[in-house]
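Q: Could you take me through the ligand site in this model, up close? I'd like to know what surrounds the ligand, and then what other spaces there are in the protein.

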Amino acid sequence: MQYFEIVGGSRLKGSIDISGAKNAALPIMAASILVEGETVLRNVPDLADVRQMQVLLGKLGVKSERDESGAMHLRVEDEMNCHAEYEIVSKMRASVCVMGPLFAKRRRAQVSMPGGCAIGDRPINMHVRGLEALGADSDLVNGDVLLKAKKIKGADIFLGGPFGSSVTATANVVMGATLAEGRTVIESAACEPEIVDLANFLNACGARIVGQGTPQITIDGVESLKGTEHSVIPDRIEAGTFMIAAAITNGDLELAGARIEHMRAIVDRLRHIGVIVERSEKGVTVASSRRLEAVEITTQPYPGFPTDLQAQAMALLCLADGNSVITEKIFPDRFLHVAELNRMGAQLRKEGPTVIVQGVKRLIGAPVMASDLRASAALVLAGLIAKGTTRINRIYHIDRGYEKIEEKLSGAGANIKRLSE
Ligand code: EPU
């Protein structure tokens, strides 16, 4: 089993290249199911989740491979299998993104219900409801959702849920409607940049989608989609994580490729606590040279503060002056990092979906356990500034979503090593 050993205390300095966005790449890869001919994707990050999506697509008859430049080529070779099995879906929840394209193109999708995960209960009722509105008959078979239709017809669909819009449900319904007869209007659609990237990719393939990036998306169905080349947007969550790495180490980093316009909420909170964030020619620069101030953070759907940066922000606020308050409004149970940060000397008190962070003078290195992707990133950030050595176990969680994180951080001066037991 691999683990990270981090000796805290180095100031990060220099430049880090931001990879392509995992949460844009995964649905766009799934969208290749809809396409006739070859899809070529550039800037697809080299991650465990991406390789897992390639395995799933392979089972569904989509051949995918990378060329020497790293570009990924995908092509549908066989349309017989429409079943995303439990074995794969239970390992990676984003597998559910094949539901919309399978249904649209093959008129049949059988996708295992993903069940809960470390960040909480994760239902897919909104995905199913949206595709039912397009004409799907749905059934539950051995823990799988089975969707079938003879004809797919455009519809008006409301996709709001108890915690706001749903990102992958919006992706599934957009993909499901691209080949429908007539017009589909989605209200309360997710506005995330990853949805915009997916819609832009589909439009380049010949789809007719407008309104992406707003809560109302309109899709006029077309007969077929043709292959195209597309470059995936930079990962705003990876960029946000490195912004916090600069802030927590009193460092000075340039994040090459990062798009500040995708990160308004995190930039606002960082500036509020005293971090200097600027747009630069290559991307974004982040610098900090003093003790930071406490702040309130509430996670919300885009353009609000992303839940995928909540754990990392908590690690930073552990060292701010005074009491900060973090409220999680997307996944109210996404707090497995709290107990681990407390093992490193943090003063965190959880009350329902809120954590009160009492700032401390220092964190202290300890052996800690990664529990999910973003919680693991928070522990890496804490380790960068903790006194002494931090050992992070179960780092396979981090490899799901951060490309070469230890190389990127050590290139900027961090003392972090990947070791094996
Ligand atoms: N929800 C429902 N019913 C549904 C779907 C969602 O009630 O049918 C609820 C969820 O339980 C949650 C809220 O709606 O409370 C929002 O969840 P959403 O569906 O937007 O999440 P997701 O699409 O499953 C994506 C990202 C997550 C990210 C969330 C929120 C991908 C592949 N995953 O998940 O990314 O946290 O949006 O922004 O895009 C990560 O990268 O670490 C990660 C977990």
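**Around the ligand**

A: Sorted by class, the shell around the ligand is made of 10 nonpolar, seven polar and seven charged residues. Keep in mind that this is a predicted model. The ligand has 24 residues around it, and the closest ones are Met126, Ser166, Thr168, Asp308 and Ile330.

Now for the polar contacts. Asn125 puts a polar side-chain atom 2.7 Å from a nitrogen atom of the ligand. Arg334 also uses a polar side-chain atom, which sits 3.4 Å from an oxygen atom of the ligand. With Pro123 the backbone does the job: one of its polar backbone atoms is 3.3 Å from a ligand oxygen. On its own the ligand has 830 Å² of accessible area, and the protein covers 92% of that.

Where does the shell come from? Helix 1 (22-31), helix 5 (125-133), helix 6 (167-177) and helix 12 (373-385) are the elements that give two or more residues to it. Helix 5 has the largest share, with three residues. Both domain 1 (2-19 + 234-420) and domain 2 (22-231) chip in, each with at least three residues.

On to the other spaces. The second largest pocket has a volume of about 230 Å³. Its lining runs to 15 residues, and Ile248, Asn250, Arg291, Leu319 and Ile385 are the ones nearest its centre. By class, that lining splits into eight nonpolar, three polar and four charged residues.

As for cavities, there are three of 30 Å³ or more. The largest holds about 60 Å³ of space, and its lining includes Arg236, His262, Tyr302 and Leu309. Helix 8 (236-248) and helix 9 (264-273) supply at least two lining residues each, with helix 9 giving the most, three. Eight of the lining residues are nonpolar, two are polar and two are charged.

The second largest cavity comes in at about 50 Å³. Among the residues lining this cavity are Ile244, Arg269, Val295, Phe305 and Leu316. Helix 9 and helix 10 (310-317) are the elements that give two or more residues to this lining, and the largest share, four residues, comes from helix 9. The class count here is 10 nonpolar, no polar and one charged. Ile266 turns up in the linings of both the largest cavity and the second largest cavity.

How values were computed. Residues are numbered from 1 along each chain as its sequence is written. This is a predicted model: local features need pLDDT of at least 70, side-chain atom pairs count only at pLDDT 80 or more; totals for chains, interfaces and linings use all residues. Side-chain values use heavy atoms; hydrogens and water are left out. A residue is near a molecule or strand if one of its heavy atoms lies within 4 Å of it. A polar contact is a pair of N or O atoms within 3.5 Å; within protein, one must be able to donate a hydrogen and the other to accept it, and residues adjacent in sequence count only if both atoms are side-chain atoms. Accessible areas come from the Shrake-Rupley method with a 1.4 Å probe; for residues, only the protein chains shown count as cover. Ala, Val, Leu, Ile, Met, Phe, Trp, Tyr, Cys and Pro count as nonpolar, Asp, Glu, Lys and Arg as charged, and the others, Gly among them, as polar. Domain bounds come from an automatic or database domain assignment. On a 1 Å grid over the protein atoms alone, a cavity is a set of points where a 1.4 Å probe fits but cannot get out, and a pocket is an open set with protein on both sides within 12 Å along at least five of seven lines; lining residues have an atom within 4 Å of a point. Grid points are joined across faces, edges and corners, and a volume is the space filled by probe spheres set on the points.
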